[in-house]
Amino acid sequence: MQITSFKQYEEDYKKSVENPEQFWGEVAQNFQWRKPWYKVLSWDFKEPNIKWFEGAKLNITENCLDRHLATDGDKPAIIWEPNNPEEESVTLTYKMLHESVCRFANVLKRNGAKKGDRICIYMPMVPELAIAVLACARIGAVHSVIFGGFSAKSIADRINDSQCKLVITADGAYRGNKQIPLKDVIDDALIGCPTVEKCIVLTHVRTPVSMLKGRDVWWEDEVKHVNHICEAEEMDAEDMLFILYTSGSTGKPKGVVHTCGGYMVYAGYTFTNVFNYKPGEVYFCTADIGWITGHSYIVYGPLSQGATSVLFEGIPTYPNPSRFWDIIEKHKVNTLYTAPTAIRSLMSFGEEPLNGKDLSSIRVLGSVGEPINEEAWHWFDEKIGHGKAPIVDTWWQTETGGIMISPIATVTPTKPSFATLPLPGIQPILVDENGNEIEGNSVSGNLCLKFPWPGMLRTTYGDHERCRQTYFATYENLYFTGDGCLRDEDGYYRITGRVDDVLNVSGHRIGTAEVENAINMHAGVIESAVVGYPHDVKGQGIYAFVINPEMHGEAELTKKDILQTVTRVIGAIAKPDKILFVSGLPKTRSGKIMRRILRKIAEGETANLGDTSTLLDPAVVDEIIEAVKKQ
Ligand code: PRX
């Protein structure tokens, strides 16, 4: 199923559009099924109702583990690089990983988990995180991984939304020179989570934690009570595999649902093709498993293809900004898949951290999560790839399950800051505000998809109507991505950013309404409006305009208090970079906040604010402009 020439890409693409069922049916033959499908695809974007590989039975862990054992059992599946470079790295072969997953799957069963149960995972980037994810899949339980940067309240909201029965966590996590007390955060969350019966705790940082009798058990003790034999649960292709919460333009994150068969096929197919993965190579994706990139391209994609995947616990700048380059040299990494924010941050340290580092193993580079600016693209190309490693700028989303628009390494061309061409099976179209297709080249519009692909979301957990409203109701018969996009003179796609009220801060997706809700929870705050502004490293920064709160003392302290509230309500990732106290917000006569104006002010483009005559109180705009200047 690996594409080896541009001609083959064109042929495969054509076939995938003309006869999608045949195309995906053939791709799916490269996976192991317990029972074949009777229909490749049924779909209806109105409902929406999407089914891939109907009637087929499988277990994704048999594809990620068991099927490699006979030939590649001793091959490294996961190489774990700890936060502290002085500590030894750990290699888990496919045999070892299989054994650990089966053993932990038995621990889950011993603690009452069964097929269909939802299990929340809140863990550091350690091999046990991948083991926990796969163990859920082994027994047919639905995992809901929550990124380690989210607060107790965010965790509780997510646990309650999907009614998780079990939580898997660790005593704590290391992030650079910081320690994060994961179990403490979970303890706070669980006060408000009546559905959780058991909490399994991994010892990692050895910080003291409270263990509640009857609820909390240690990972290390539990694995002693079970053996390592665990037959995989037989799953229907359309059974739920996992839920992953993501932000949208409303205040409440939604649980994106992916199912077993289609997701597996799509993650595996895109992994092997986009990165042009060659057997035996070492692949390093720097994302966190708490995000979709980690799900699809640290765990399921690479393992389904028998690849060797590096799992890194730490951050790019600890103990110094050479860390990525040291890891590449140490593990002879062939593919590095990272985020523009990381690239920009490392670029800012100059070339010194690269001195003497052997990056000759690098063959393919990848970028994900946000638009990559040309400067960062060229630096990545020249300094890391030495002009010889193609950069795959991969556009996709939590909802798409896998990469959608991207170069195919060594096969299709690259172009700085362009995600370039759709992968086979992907049919993007650009539409105007009214949903009319914008045809031809050198055009811009809202990016939609007009045909289903196996990795797409099926619903949003517990609220199908919300899924319909968010993705399928804006334009008839189209999936709307929420992204703006340019198609250039060569027909190459360049993603220009969100067209809804969603920010992309360091590649993390954050809804402005969520941040506003959090700020408004601060005592004394009457109202706030949050917009994004260009940030040199993070891509976008968060700018909060807050109507003068009551202050206990002085403005600077009150700003810090507000940041503390946001950290408590959402997590540190959503903290505004700038807060400005104002006496009013620009509103229309009907009371709607004119964010367009605030965005322009935050971007420093005050000369051309457009029509402000419909504002309730135009004077407020001048006041805000003056206040921004003084900041
Ligand atoms: O705006 C697009 C941006 O990230 C959004 C999806 O965020 P999330 O679901 O968190 O998934 C991130 C990892 C796949 C998109 O709607 N985005 C993602 N990749 C790119 C991108 N923007 C520009 N270029 C990309 N390569």
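How much area do domain 1 and domain 2 bury between them? I began with this question, working on a predicted model. I found about 1,600 Å² buried between domain 1 and domain 2, with 50% of it on carbon and sulfur atoms.

**Domains**

I took the bounds from the domain assignment of the chain, which gives domain 1 as 6–449 and domain 2 as 502–630. I noted 33 Å between the centres of the two domains, taken over C-alpha atoms. For the contacts, I have 22 residues of domain 1 against 23 residues of domain 2.

I then looked at the UniProt record, an unreviewed entry, which places "domain: AMP-dependent synthetase/ligase" at residues 66–452. For that span I recorded 30% helix and 22% strand, with the end C-alpha atoms 30 Å apart.

**Nonpolar cores**

Which residues touch the most other members of the largest nonpolar core? I listed W33, F53, F104, L108 and Y300, out of 163 residues in that core. Helix α5 (residues 127–139) supplies the largest share, ten residues. Both domain 1 and domain 2 give residues to this core, so I place it between them.

I followed L108 further and left out residues up to four places away in sequence. L108 touches A113, I119, A135, C136, I139, L166, I168 and I200. Apart from this core I found another, of 27 residues, which includes F284, V310, I328 and I372.

**Strand β4 and its partners**

V310 came up again when I turned to strand β4, where I79 stands opposite V310 in β17. Strand β4 (residues 76–81) and strand β17 (residues 308–312) run parallel and are joined by four bridges. With strand β5 (residues 90–93), β4 runs antiparallel, and four bridges join the two. There I noted T93 of β5 as the bridge partner of P76.

Is β4 enclosed or open? Five of its six residues are buried, so I count β4 as largely enclosed by the rest of the structure.

**Helix α10**

I checked helix α10 (residues 292–304) in the same way. Here 13 of the 13 residues are buried, so α10 is also largely enclosed by the rest of the structure. Just after α10, G306 has a positive phi of about 70 degrees.

**Open sheet**

I traced an open sheet of eight strands with mixed pairing, in the order β12-β11-β8-β6-β7-β14-β15-β23. Its edge strands are β12 (216–218) and β23 (459–460), each pairing on one side only. At the β12 edge, strand β11 (residues 198–202) pairs with β12 in the parallel sense over three bridges. One of the pairs I looked up is V201 with its bridge partner W218 in β12.

**Backbone in the loops**

I stayed with β11 and β12, because the loop between them holds R206, which is exposed at 71% relative accessibility. Phi of R206 is near 60 degrees, positive in a residue other than glycine. K332 is also not a glycine and has a positive phi of about 50 degrees. I found K332 in the loop between α11 and β18 (335–338), exposed with a relative accessible area of 56%.

Where are the cis peptide bonds I looked up? One joins E47 and P48, with omega about -10 degrees, and P48 is in the loop between β1 (39–44) and β2 (49–54). Another runs from Y318 to P319, with omega near -5 degrees. P319 sits in the loop between β17 and α11 (323–331).

Note on methods. Residues numbered from 1 in each chain as written. Predicted model: local features only at pLDDT ≥ 70, side-chain atom pairs only at ≥ 80, totals over all residues. Heavy atoms only, no water. Buried < 20%, exposed > 50% of the residue type's maximum accessible area, 1.4 Å probe, protein only. Pairing = 2+ DSSP bridges. Core = buried A, V, L, I, M, F, W, Y, C linked by side-chain atoms within 4.5 Å. Domains from an automatic or database assignment. Contact = heavy atoms within 4.5 Å. UniProt positions renumbered as here; feature names shortened; annotations may be inferred. Buried area = accessible area lost by both parts, 1.4 Å probe.
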